[in-house]
Amino acid sequence: NVRGRYCLTEAVTACVSVVELQKEEMATKKLKIGVIGAGRIGQIHAANVARNLNAELYAISDIFVNAAKKLAAQLGCPRAYEDYHDILTDKEVDAVLICSSTDTHAKITIEAAQAGKHIFCEKPIDYDLAKIDEALAAVGKAGVKLFVGFNRRFDPNYRRLKKAIDSGEIGKVTSVRIVSRDPAPPPAGYVSPGLFLDCSIHDFDMARFLMGAEVEEVYACGLVRENCGENPDTAHVVLKFTNGNFATIDNSRKAVYGYDQRCEVFGTAGAAETANMHPHTATISTATTVHRDLPMSFFLDRYAQSFVDEMDTFVDVILNNKPVPCGGLDGRIPVLTAFAAMKSYAENRPVKISEVDKPAKL
């Protein structure tokens, strides 16, 4: 009848309106993020959250509360706490960035997961495999997402290498060569876990990311060139992968000419490489020489865009329920590789990953 058709039309119209409203809400929803740790890396990530149109910098905490208050004031964040639990217990918070000291990463990851928060955790999750495994188990049980901050995966240069590999542009990859040298040793007072865990860990992740296979065996040799409290401070590492291919990594704590970051991928149909980045593109030509200025000398300059793209990806992953491109396992394996490198260096022999992989009994 007419009345029935009219009621049905009303119901359909109302249903369409609700769906459209839900779509609008989803389109305008911002990810509310709490930042734990207002040190150097926390400042970088907080600033990148603040500039992301799909995110809201909801709160910042730091054990030095004045640092949290200062950063919050700079970025227009309305909440600054001394205790990070104030962030974890706030039901408005969707996700947290763990940018505190390394020894707190695993503990806060577990607590954040139990609080139902999605997590971005700066590398490493921990230097203890048992603690890493405990954190990953807590994340799995809670059903939240864990994104580990290996920012170089999001660098435009490395992503172009990855594209050349995945597209078959250079054929099948047979080897990867990475040069990663710091411009100067760590400052006095910096407590380093050693070259392999502090510096090489980025390259262990990148080699695995580019190779698309798991590390099977590690051989490391090195020497001490600088009096910076590390042994070694200069090293070469060879990684053998399960697919039979290998990667070589060249690390040093002191390259006097700047931050040396280069990579080459060699394949059956070609090769792809990245060069050092410079502050500008100017080349000076005279009657006696053609030269240019030194490369960038600080990682925050060289990898500035990677930190932006990394945080944009995290926000997108959480808001749109996408797969995490750098998850918990990706955070565990480079630590494991570093342990194998340390053992190899100490014992002067190749070390299989299985020798150092001691999963926690949970």
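Is Arg332 buried or exposed, and at what relative accessibility? In this predicted model, Arg332 has a relative accessibility of 9% and therefore counts as buried, the limit being under 20%.

**View A. Salt bridge between Arg332 and Asp133.**
The closest N and O atoms of Arg332 and Asp133 are 2.7 Å apart, and the two residues form a salt bridge. Arg332 belongs to helix H12, whereas Asp133 belongs to helix H6 (residues 129-142); with these positions 199 residues apart, the pair links distant parts of the chain. Asp133 is also buried, at 11% relative accessibility.

**View B. Open sheet of seven strands.**
The strand order is E12-E11-E7-E10-E9-E8-E15, and the pairing is mixed. Strand E12 (270-274) and strand E15 (351-352) are at the edges; each has a single partner strand, so one side of each lacks a neighbour in the sheet.

**View C. Pairing of strands E9 and E10.**
Strand E9 (residues 234-241) and strand E10 (residues 246-252) run antiparallel and are joined by seven bridges. Within this pairing, Leu239 is placed opposite Ala247 of E10.

**View D. Helices H9 and H12 on the sheet.**
Helix H9 (residues 200-211) lies across four strands: E7 (173-181), E9, E10 and E11 (260-267). The direction of H9 is at about 160 degrees to E7. Helix H12 (residues 328-347) also packs on the sheet, where it touches strand E8 (215-223), E9 and E15. The angle between the directions of H12 and E8 is about 50 degrees.

**View E. Salt bridge between Asp182 and Arg253.**
The side chains of Asp182 and Arg253 meet in a salt bridge, with an N to O distance of 2.9 Å. Asp182 is in the loop between E7 and helix H8 (195-198), and Arg253 is in the loop between E10 and E11, so the contact ties together parts that are 71 residues apart in sequence. Both partners count as buried: Asp182 has 12% relative accessibility, and Arg253 has 4%.

**View F. Salt bridge between Arg160 and Glu169.**
In this pair, the closest N and O atoms are 3.2 Å apart. Arg160 is partly exposed at 40% relative accessibility, and Glu169 is likewise partly exposed, with a relative accessible area of 45%.

**View G. Salt-bridge network.**
Arg153, Asp205, Arg208, Glu214 and Asp330 are joined into one network by salt bridges that share partners. The count for the model comes to 25 salt bridges.

Notes:
Residues numbered from 1 in each chain as written. Predicted model: local features only at pLDDT ≥ 70, side-chain atom pairs only at ≥ 80, totals over all residues. Heavy atoms only, no water. Pairing = 2+ DSSP bridges. Helix = DSSP H or I, 4+ residues; strand = E, 2+ residues; numbered from the N terminus. Contact = heavy atoms within 4.5 Å. Axes fitted to C-alpha atoms, helices over the stretch in contact; angles between N-to-C directions. Salt bridge = Lys/Arg side-chain N within 4 Å of Asp/Glu carboxyl O. Buried < 20%, exposed > 50% of the residue type's maximum accessible area, 1.4 Å probe, protein only.
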